[in-house]
Amino acid sequence: MLGRIIFAWWKGSKLDCNAKQWRLFADILNDIAMFLEIMAPILPICFTMTICISNLAKCIVSVAGGATRAALTMHQARRNNMADVSAKDGSQETLVNLAGLLVSLLMLPLVSDCPSFSLGCFFLLTALHVYANYRAVRALVIETLNEVRLSLVLKHFLQRGEVLDPTSANQMEPLWTGFWPSLSLSLGVPLHRLVSSVAELQQLAEGHQEPYLLRWDQSQNQVQVVLSQEAGPETVLRAATHGLVLGALREDGPLPRELGKLRSQVRAGPNTESWVIVKETHQVLDELFPEFLRGLQDAGWETEKHQLEVDEWRATWLLSPEKKVL
């Protein structure tokens with residue numbers, strides 16, 4: 001029970017953002033839990049510990065599997081018929097469980113006296129189960145952008161000037177390594193994590209009218225964003241794009257001419273302060289982001305909503321006086 005509560009507190013906000021990865025994770029962890037249950041009688045010395053670990057894994061599976069199942073059911077409810085899809089999914093699961101029960105009754109006399117044959121069947125069917133779940137998750141085409149899909153689409157856009165369609169981007173989305181992105185992007189953080197004085201606030205707000213403030217820690221490759229009260233989905237999408245553009249300055253690969261100059265400044269050393277680079281990328285995005293946003297909409301992406309992980313903190317500050325609009 002404690003494991004279920006702690007896991008929901010620790011990773012609950014990430015389950016919507018990376019539903020496909022966590023769904024596959026839950027399926028694999030469930031197979032591991034069943035393997036531990038099978039091995040428990042074989043290792044009587046560690047029986048209690050093995051059963052406890054197995055039950056802990058099943059509790060995590062119930063949280064991750066149930067939450068991602070709801071997210072994917074919402075994705076599949078194309079006619080806003082989530083209850084209908086959920087009911088039919090439950091019926092399908094019941095039918096599969098009934099078929100599994102009948103097959104298991106036929107197989108029990110064959111495997112009851114042969115533990116090695118039981119383990120062989122388990123490993124074979126588990127491998128088939130993992131492969132089937134991998135193919136099922138890989139077949140999903142989600143039209144909303146999370147951080148991984150946005151990173152893939154933006155990288156392709158910066159290198160080739162084209163926006164990937166949802167099908168291509170979902171095929172490229174990693175299902176095993178999507179949990180640990182190279183860039184640490186935090187959206188919706190409290191203001192005190194970015195600034196500690198009025199002068200720092202003025203530096204971050206200077207030269208742009210966007211309803212977000214962004215700070216980039218080059219040494220840790222960490223981007224933190226404070227969102228304004230007026231920030232909507234498009235603002236959040238631009239802020240995430242801004243952070244990923246800053247991350248691209250530290251990577252290899254072709255970039256547009258304006259960003260290529262900034263990459264040279266970043267690689268030259270710590271002489272250029274991060275807030276100066278952030279200010280200049282604001283100006284680049286004023287021209288780049290509208291084109292990117294139109295490309296997303298034309299390619300079939302839903303830009304009115306997103307699956308980016310955004311905290312609930314919001315702030316209010318004065319607009320830059322040099323661009324103040326009356």
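Biologist: Helices and strands here are DSSP runs, numbered from the N terminus. How many helices and strands does the protein have?
Modeller: This is a predicted model. Helices must run for at least four residues and strands for at least two. Counted that way, the protein has 12 helices and three strands.

Biologist: What box do the C-alpha atoms of the protein fill?
Modeller: The box is taken along the principal axes. Its dimensions are roughly 80 × 45 × 35 Å.

Biologist: What share of the residues is buried?
Modeller: Buried means under 20% relative accessible area. The protein has 326 residues. The buried share of them is 40%.

Biologist: What part of the exposed area do carbon and sulfur atoms supply?
Modeller: The protein exposes about 18700 Å². Carbon and sulfur atoms supply 61%.

Biologist: How far apart are the centres of the positive and negative side chains?
Modeller: There are 29 positive and 34 negative side chains. The centres of these two sets are separated by 2 Å.

Biologist: What percentage of contacts joins residues 24 or more positions apart?
Modeller: The count takes contacts with a separation of 6 or more. Of these, residues 24 or more positions apart account for 74%.

Biologist: Which element gives the most to the largest nonpolar core?
Modeller: That core has 42 residues, and Val153 and Phe292 have the most contacts inside it. Elements that each supply at least two of its residues include α7 (147–160), β1 (184–187), α10 (233–248) and α12 (274–299). With nine residues, the top contributor is α12.

Biologist: How many residues does the other core have?
Modeller: This core lies apart from the largest one. Among its members are Leu15, Ala33, Val63 and Ala64. Its residue count is 11.

Biologist: Which residues does Val153 touch, not counting residues up to four places away in sequence?
Modeller: Val153 is one of the two residues with the most contacts inside the largest core. Phe292, the other of that pair, is itself touched by Val153. The full list is Leu145, Glu162, Val163, Leu164, Ala169, Phe292, Leu296 and Trp301.

Biologist: How many disulfides does the structure hold?
Modeller: A disulfide needs two cysteine sulfur atoms within 2.5 Å. For Cys59, the nearest cysteine sulfur belongs to Cys52, 11 Å away, so Cys59 is in no disulfide. Across the structure, the number of disulfides is zero.

Biologist: Is Cys59 buried or exposed?
Modeller: The limit for buried is under 20% relative accessible area. Cys59 has 16% relative accessibility, so it counts as buried.

Biologist: Where is Asn80, which has a positive phi?
Modeller: Phi of Asn80 is near 55°. Most residues other than glycine have a negative phi. Asn80 is exposed, at 77% relative accessible area. Its place is the loop between α4 (47–76) and α5 (82–111).

Biologist: Is Asn221 buried or exposed?
Modeller: Asn221 also is no glycine, and its phi is positive, about 50°. Asn221 is in the loop between β2 and β3. Its relative accessibility is 12%, so Asn221 counts as buried.

Biologist: Which residues is Lys58 in contact with, leaving aside its neighbours within four places in sequence?
Modeller: Lys58 is in helix α4 and is partly exposed, at 30% relative accessibility. Its C-alpha is 9.4 Å from that of Asp31, and 27 residues separate the two in sequence. Beyond its sequence neighbours, Lys58 is in contact with Ala33 and Glu37.

Biologist: How far apart are the C-alpha atoms of Trp275 and Gln203?
Modeller: Trp275 is in helix α12. Leaving out residues up to four places away, Trp275 touches Gln203, Leu204 and Glu206. Trp275 and Gln203 are 72 residues apart along the chain, and their C-alpha atoms are separated by 7.0 Å.

Biologist: Is Met74 buried or exposed?
Modeller: Met74 is in helix α4. Its C-alpha is 13 Å from that of Lys20, 54 residues away along the chain. Exposed means over 50% relative accessible area. Met74 has 55%, so Met74 counts as exposed.

Methods:
Residues are numbered from 1 along each chain as its sequence is written. This is a predicted model: local features need pLDDT of at least 70, side-chain atom pairs count only at pLDDT 80 or more; totals for chains, interfaces and linings use all residues. Side-chain values use heavy atoms; hydrogens and water are left out. Buried means under 20% relative accessible area, exposed over 50%, partly exposed in between (1.4 Å probe, protein chains only). Contact means heavy atoms within 4.5 Å. Accessible areas come from the Shrake-Rupley method with a 1.4 Å probe; for residues, only the protein chains shown count as cover. Lys and Arg count as positive and Asp and Glu as negative; His and the chain ends are not counted. The place of a charge is taken as NZ of Lys, CZ of Arg, CG of Asp or CD of Glu. A nonpolar core is a set of buried Ala, Val, Leu, Ile, Met, Phe, Trp, Tyr and Cys residues joined through side-chain atoms within 4.5 Å.
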